[in-house]
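Reader: Hi! I'm new to reading protein structures and would like a close look at a single part of this one. Could you pick a pair of neighbouring strands and walk me through what surrounds them?

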Amino acid sequence: MDSDLNLGLERRIGKRSAAVIEKHLGITTVGGLLNYFPRRYLNRGELTPISEVPLDEEVTLIARVVSSSTRAMRARRGSLTDVVISDDAGTGLPGTLKVSFFNGFRAKAELQPGRRAMFSGKVTRYGGSLGLTNPDFLLLDEDPDTPGMDPEKLAAMPIPVYPATAKLTSWSIQKVIATLLDTVELEVLPDPLPAEIAAREKFLPVADAYRLIHAPQTAPDWQRARDRFRYQEALVLQSALARRRAQLAAEEATARRPAADGLLTAFDRQLPFTLTAGQAAVGKTLAAELAQDSPMNRLLQGEVGSGKTIVALRAMLQVVDAGGQAALLAPTEVLAAQHFESIRRTLGPLSRDGLLGGFGPDAVQVTLLTGSMPTAARKQAMLDAASGTAGIVIGTHALLSDNVSFYDLGLIVVDEQHRFGVEQRDVLRSKASKPPHLLVMTATPIPRTVAMTVFGDLETSILDELPAGRAPITTHVVGLAEHPAWLGRLWSRSREEIDAGHQVYIVCPKIGTDDDGDFSPGEAEPSAADLEGENGARELASVTAVVEQLRDEPALAGVPVAPLHGRQDPVLKSETMTSFTANQTKVLVSTTVIEVGVDVHNATLMVILDADRFGISQLHQLRGRVGRGGLPGTCLLVTTLEQGHPSRRRLEAVAATTDGFELSQEDLKLRREGDILGASQSGGRSTLKLLRVLEHEDVIARARQDAWQIVGADPSLGAHPVLAGAIDEYLNPEKEAFLERG
Ligand code: ADP
Ligand code: MG
């Protein structure tokens, strides 16, 4: 697009301002700065409730000066001015904040008691009280930008608050943008929104919208402007996904039709149970899609234990029957190894492995291929994948590496990876000469709008019932703060399970006493709780310390206990899992390596130590490891936090329901938006500007419908050049990272 949007900022606001904006905000174009929207708006006539101001972030707030005093500093030269500000509007308990200035001559002169001012800085906690140090401030009663304005109008005029930095205040940004609005020809800016949609939604013209989002006279001004840009954002995103979907659907894949009497038929005949209605229905859908010559792109959501693996295995067998290969990708080596064992067990005589040769021509070779396998075995596995000898290849991300190739890859199944984004899917697709069929499975229930946003290019299936005979899981919060004696009770309770012939998981947030946890690549990422601070306040339970402790625990005398964590040698890990699966090890003390997929039917009790260190979804996933074999399961969430601590709320939420969908909603509410989409890893700037995936479900749904219609009628978007340009802009490398991280 040849408009001012791509113009260098210096051409419109001058070299000096442009340099400041680039330095602090990283923005270099007119469009970039125009689209730097306020995060919120302050009401000039109202004081900001101090109790609601977040800690340790750059904030902008309006307050009234209560008192001011200046004294010489004792230890060094200079003076200290302490100003107390308050949000006292004459009602309720006032919140106060101590603002300190070193050599604050302007503060001393201007911040007189009774004055109202806007402050910008980072609120921190000193001991028990809140404070701001050397903030920037602007007196509001004598705002130089609004000379001679009608006081009533002035009081109603919202003050935009921009995401500021320590060096660049919100009002400095506002000033620069005001200049920009005066110098850019807003009227000729191209509009990505099709005119029909703008008319239907009664949206502001794009020029007015830019003016009002940055310089509103009233609250409805910015609300209308924001509605438009929010919708625009949703439409661009959904159009990008719709276009991608259309492109995928237009690709040509190899049809893998069901065989009349192949492995799948034999497998179904030997299955020891009947498929649930959901498994049968999803199976039918998959069978039909695999038989088509356009690639299947499907997301399968199903609660923990809903039996996704069988569904995937049946699809893999159909592909093998049709002469193709299938790959199953697991997030961890432990899980890949488990899948390997359990799939071979489930297949029985229908499987053979590379070493034993085997059971005749009617069996499929199942091959494990992971990064840490001994070189010889790995080479053999790679050879088998490349030659087509291996019908089913199971592995971790190692399957993505360049030197792995397949003879004829027909289906890729990705297990338990809700963070498996577009980019990884593309790498896998490139492993076949024609695009393979793709099935992504997740047990983390994904709210509809998140699915639309992150997996908008996939079709969705849901398994919403558990196989019959699944026993319920009971979850309790064990508060050691109020009941320290319960710690001992945990071990005797474990002993009871073991004496009844069952097994126990003990989960710890850390591996050793001096590390930060088990976050090696491919394994669980730090939860929200880990990032939340209060680090080092207390010693967290670690795998090594707990194993030590249990050795001397009378209640568990003579009980085989084994540690399991991500830093162990893979051979040791797999031996440990084998021993636990065989009911030789009775107590497994581990990190979250067991979070997904691990399937030991005989385990009935899970004790999660320092459970407050884990996120809601993680806890839900973890407890799904017990109660799998028709035996009722118990999960104990152990915490040393006081009752009423906000992090205990998470535990209580998990204990209160086993409905994964409800929990994931709760989880999203407690996390910040950025975490949902993975923006926390991109340096804090959230890619979605105005959309909130939980709040704006209706906007996303409407935009999705519009996007599908537009792309359906005009797949190349030839008639919508501005929209196409906006999509490309959205999908530039930096932005694409957002889709990847999904
Ligand atoms: P998830 O969806 O969590 O991956 P799995 O596929 O691991 O669940 O299945 C959990 C357990 O349920 C497995 O042991 C599996 O053999 C068993 N299972 C799967 N489908 C059925 C069924 N229809 N009836 C009985 N048990 C089943
Ligand atoms: Mg599974």
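Author: Happy to! Let's begin with one pair of residues: V607 has L636 as its bridge partner, and L636 sits in strand β22. Keep in mind as we go that this is a predicted model.

Now step back from that pair to the strands. Strand β21 covers residues 603–608 and strand β22 covers residues 633–639. The two run in the parallel sense, and four bridges join them.

Which helices lie against these strands? One of them is helix α20, residues 616–623, which lies across β17, β18 (503–507), β21 and β22. Its direction makes an angle of about 150 degrees with β21. Helix α21, residues 646–656, also packs on the sheet, where it touches β17 and β22. Relative to β17, helix α21 points at about 155 degrees. Strand β22 is thus touched by α21 and crossed by α20.

Next, the sheet itself. Where do β21 and β22 stand in it? Read across, the order is β17-β22-β21-β18-β20-β19, an open sheet of six strands with parallel pairing. So what happens at its two ends? The edge strands are β17 (473–479) and β19 (561–564); each has a single partner strand, so one side of each has no neighbour in the sheet. From one strand to the next there is also a turn: on average 20 degrees, with direction ignored.

For a companion view, look at another sheet in the chain. Eight strands build this open sheet, in the order β11-β12-β13-β10-β14-β15-β9-β16, and its pairing is parallel. At its edges are β11 (351–352) and β16 (459–463), each of which pairs on one side only. Inside that order, strand β14 (residues 409–414) and strand β15 (residues 437–442) pair in the parallel sense over four bridges. In this pair, V413 has L439 of β15 as its bridge partner.

This sheet has helices lying across it too. Helix α13, residues 333–347, lies across β10, β11, β12 and β13, at about 165 degrees to β12. Helix α12 lies across several strands, including β14 and β15, and runs at about 170 degrees to β14.

Finally, here is the whole setting for your close-up. The protein chain has 742 residues, 53% of which count as buried, and it contains 26 helices and 22 strands. Go back to V607 and L636 in the picture, and you can trace outward from that bridge pair to the strands β21 and β22 and on to the six-strand sheet.

Conventions: Residues are numbered from 1 along each chain as its sequence is written. Chains are lettered from A and ligands numbered from 1 in the order in which they are written. This is a predicted model: local features need pLDDT of at least 70, side-chain atom pairs count only at pLDDT 80 or more; totals for chains, interfaces and linings use all residues. Side-chain values use heavy atoms; hydrogens and water are left out. Buried means under 20% relative accessible area, exposed over 50%, partly exposed in between (1.4 Å probe, protein chains only). Two strands pair if DSSP finds at least two bridges between them. Contact means heavy atoms within 4.5 Å. Axes are lines fitted to C-alpha atoms, for helices over the stretch in contact, and angles run from 0 to 180 degrees between N-to-C directions.
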